[in-house]
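Good morning, and thank you for coming. I should like to walk you through one model, beginning with its interior.

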Amino acid sequence: MKQVKLDVENDAGIKYINEDHKAIFNYIEKLQNTAVMPQNYEYAIVILEQFITFFLEHTIKEEQLLRQYLPKEIVDEHALLHQRELQYLDEGLKTLKTNLSSRNIQIVALQLEQEFKNHIYRYDKNIMQKLIDAKK
Ligand SMILES: [Fe+2]
Ligand SMILES: [Fe+2]
(Lines give C-alpha, C1' and ligand atoms only; values in the text may rest on other atoms or scores of the structure.)
(Ligands and ions follow the chains in the order given, each with its own letter.)
Protein backbone atom coordinates (compact mmCIF):
# COMPACT_ATOMS: atom_id res chain seq x y z
CA MET A 1 0.00 0.00 0.00
CA LYS A 2 2.75 2.38 1.03
CA GLN A 3 4.75 1.41 -2.04
CA VAL A 4 1.84 2.23 -4.35
CA LYS A 5 1.45 5.66 -2.78
CA LEU A 6 5.16 6.32 -3.23
CA ASP A 7 5.07 5.31 -6.90
CA VAL A 8 2.15 7.62 -7.50
CA GLU A 9 3.83 10.54 -5.81
CA ASN A 10 6.92 9.95 -7.89
CA ASP A 11 4.94 9.77 -11.08
CA ALA A 12 5.79 13.03 -12.82
CA GLY A 13 2.65 13.17 -14.94
CA ILE A 14 0.29 12.81 -12.01
CA LYS A 15 2.36 15.17 -9.89
CA TYR A 16 2.01 17.96 -12.47
CA ILE A 17 -1.71 17.37 -12.71
CA ASN A 18 -2.05 17.63 -8.93
CA GLU A 19 -0.09 20.88 -8.93
CA ASP A 20 -2.40 22.25 -11.62
CA HIS A 21 -5.37 21.38 -9.44
CA LYS A 22 -3.92 23.39 -6.56
CA ALA A 23 -3.37 26.31 -8.94
CA ILE A 24 -7.01 26.12 -10.04
CA PHE A 25 -8.18 26.67 -6.46
CA ASN A 26 -5.70 29.53 -6.14
CA TYR A 27 -7.31 31.27 -9.11
CA ILE A 28 -10.73 30.88 -7.50
CA GLU A 29 -9.43 32.24 -4.20
CA LYS A 30 -7.85 35.23 -5.97
CA LEU A 31 -11.15 35.86 -7.70
CA GLN A 32 -13.02 35.74 -4.38
CA ASN A 33 -10.57 38.24 -2.90
CA THR A 34 -11.26 40.84 -5.60
CA ALA A 35 -14.92 41.00 -4.52
CA VAL A 36 -13.83 43.10 -1.53
CA MET A 37 -11.63 45.44 -3.57
CA PRO A 38 -14.08 48.03 -5.01
CA GLN A 39 -11.31 50.09 -6.65
CA ASN A 40 -10.06 46.94 -8.32
CA TYR A 41 -13.04 44.99 -9.67
CA GLU A 42 -11.50 45.06 -13.15
CA TYR A 43 -8.86 42.74 -11.77
CA ALA A 44 -11.53 40.02 -11.45
CA ILE A 45 -11.83 39.92 -15.25
CA VAL A 46 -8.06 39.65 -15.67
CA ILE A 47 -7.91 36.78 -13.17
CA LEU A 48 -10.79 34.96 -14.81
CA GLU A 49 -9.23 35.31 -18.26
CA GLN A 50 -5.94 33.93 -16.96
CA PHE A 51 -7.83 31.13 -15.23
CA ILE A 52 -9.56 30.16 -18.50
CA THR A 53 -6.24 30.00 -20.36
CA PHE A 54 -4.69 27.98 -17.55
CA PHE A 55 -7.61 25.56 -17.38
CA LEU A 56 -7.59 25.07 -21.15
CA GLU A 57 -3.91 24.12 -21.02
CA HIS A 58 -4.59 21.88 -18.04
CA THR A 59 -7.33 19.96 -19.85
CA ILE A 60 -5.03 19.35 -22.82
CA LYS A 61 -2.30 17.97 -20.53
CA GLU A 62 -4.71 15.91 -18.48
CA GLU A 63 -6.45 14.41 -21.52
CA GLN A 64 -3.09 13.59 -23.14
CA LEU A 65 -1.95 11.78 -20.01
CA LEU A 66 -5.23 9.86 -19.73
CA ARG A 67 -5.15 8.87 -23.41
CA GLN A 68 -1.83 7.11 -22.91
CA TYR A 69 -3.38 4.50 -20.62
CA LEU A 70 -7.17 4.58 -20.67
CA PRO A 71 -9.75 3.53 -23.28
CA LYS A 72 -10.88 6.22 -25.68
CA GLU A 73 -14.52 6.19 -24.49
CA ILE A 74 -13.55 6.89 -20.88
CA VAL A 75 -11.30 9.79 -21.86
CA ASP A 76 -13.87 11.20 -24.31
CA GLU A 77 -16.48 11.16 -21.55
CA HIS A 78 -14.12 13.04 -19.24
CA ALA A 79 -13.26 15.51 -22.01
CA LEU A 80 -16.96 16.36 -22.25
CA LEU A 81 -16.87 17.35 -18.58
CA HIS A 82 -13.96 19.66 -19.36
CA GLN A 83 -16.04 21.28 -22.08
CA ARG A 84 -18.78 21.84 -19.52
CA GLU A 85 -16.35 23.49 -17.08
CA LEU A 86 -15.11 25.73 -19.89
CA GLN A 87 -18.71 26.75 -20.56
CA TYR A 88 -19.15 27.69 -16.90
CA LEU A 89 -15.95 29.74 -17.06
CA ASP A 90 -17.07 31.53 -20.23
CA GLU A 91 -20.49 32.25 -18.75
CA GLY A 92 -18.84 33.64 -15.62
CA LEU A 93 -16.64 35.91 -17.72
CA LYS A 94 -19.65 37.08 -19.70
CA THR A 95 -21.51 37.87 -16.46
CA LEU A 96 -18.63 39.94 -15.10
CA LYS A 97 -18.11 41.76 -18.40
CA THR A 98 -21.81 42.64 -18.50
CA ASN A 99 -22.16 43.69 -14.87
CA LEU A 100 -19.03 43.98 -12.80
CA SER A 101 -20.09 44.14 -9.16
CA SER A 102 -18.97 42.68 -5.86
CA ARG A 103 -22.08 40.54 -5.75
CA ASN A 104 -21.52 39.11 -9.23
CA ILE A 105 -17.87 38.38 -8.51
CA GLN A 106 -18.95 36.51 -5.38
CA ILE A 107 -21.66 34.57 -7.24
CA VAL A 108 -19.32 33.59 -10.07
CA ALA A 109 -16.50 32.63 -7.67
CA LEU A 110 -18.86 30.51 -5.58
CA GLN A 111 -20.29 28.72 -8.61
CA LEU A 112 -16.81 28.00 -9.92
CA GLU A 113 -15.66 26.79 -6.52
CA GLN A 114 -18.54 24.30 -6.31
CA GLU A 115 -18.07 23.20 -9.91
CA PHE A 116 -14.32 22.67 -9.61
CA LYS A 117 -14.52 20.96 -6.22
CA ASN A 118 -16.92 18.54 -7.83
CA HIS A 119 -14.76 18.06 -10.91
CA ILE A 120 -11.41 17.72 -9.15
CA TYR A 121 -12.40 15.87 -6.00
CA ARG A 122 -14.84 13.57 -7.71
CA TYR A 123 -14.29 13.12 -11.46
CA ASP A 124 -10.55 13.76 -11.59
CA LYS A 125 -9.98 11.69 -8.46
CA ASN A 126 -11.87 8.74 -9.96
CA ILE A 127 -10.19 8.90 -13.32
CA MET A 128 -6.72 9.32 -11.79
CA GLN A 129 -7.38 6.15 -9.78
CA LYS A 130 -8.27 4.37 -13.02
CA LEU A 131 -5.06 5.68 -14.53
CA ILE A 132 -3.00 4.42 -11.57
CA ASP A 133 -4.67 1.01 -11.82
CA ALA A 134 -4.05 0.87 -15.56
CA LYS A 135 -0.37 1.68 -15.12
CA LYS A 136 0.23 -1.08 -12.56
FE1 LIG B 1 -8.06 18.18 -13.78
FE1 LIG C 1 -10.52 16.62 -15.41
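I shall take the nonpolar cores, then one pair of helices, then a single residue.

This is a predicted model, in which local features need pLDDT of at least 70 and side-chain atom pairs count only at pLDDT 80 or more, while totals for chains, interfaces and linings use all residues. Residues are numbered from 1 along each chain as its sequence is written, and chains are lettered from A and ligands numbered from 1 in the order in which they are written.

The largest nonpolar core has 16 residues, and Ile 28 and Leu 31 have the most contacts inside it. Such a core is a set of buried Ala, Val, Leu, Ile, Met, Phe, Trp, Tyr and Cys residues joined through C-beta atoms within 7 Å. A residue is buried if 20 or more other C-beta atoms lie within 10 Å of its own, exposed if 12 or fewer, and partly exposed in between, with C-beta atoms placed from the backbone. A second, separate core of 5 residues includes Leu 65, Val 75, Met 128 and Leu 131.

Now to the helices, which are DSSP runs (H or I, at least four residues) numbered from the N terminus. The axes of H4 and H5, lines fitted to C-alpha atoms over the stretch in contact, come within 10 Å and cross at roughly 170°. H4 is therefore roughly antiparallel to H5, a term for angles over 145 degrees.

Finally, is Ala 134 of helix H5 buried or partly exposed? Ala 134 counts as partly exposed because it has 13 C-beta neighbours inside 10 Å. The C-alpha atoms of Ala 134 and Glu 19 are separated by 21 Å.

Conventions: Axes fitted to C-alpha atoms, helices over the stretch in contact; angles between N-to-C directions. Helix = DSSP H or I, 4+ residues; strand = E, 2+ residues; numbered from the N terminus. Parallel < 35°, antiparallel > 145°, perpendicular 65-115°, else oblique.
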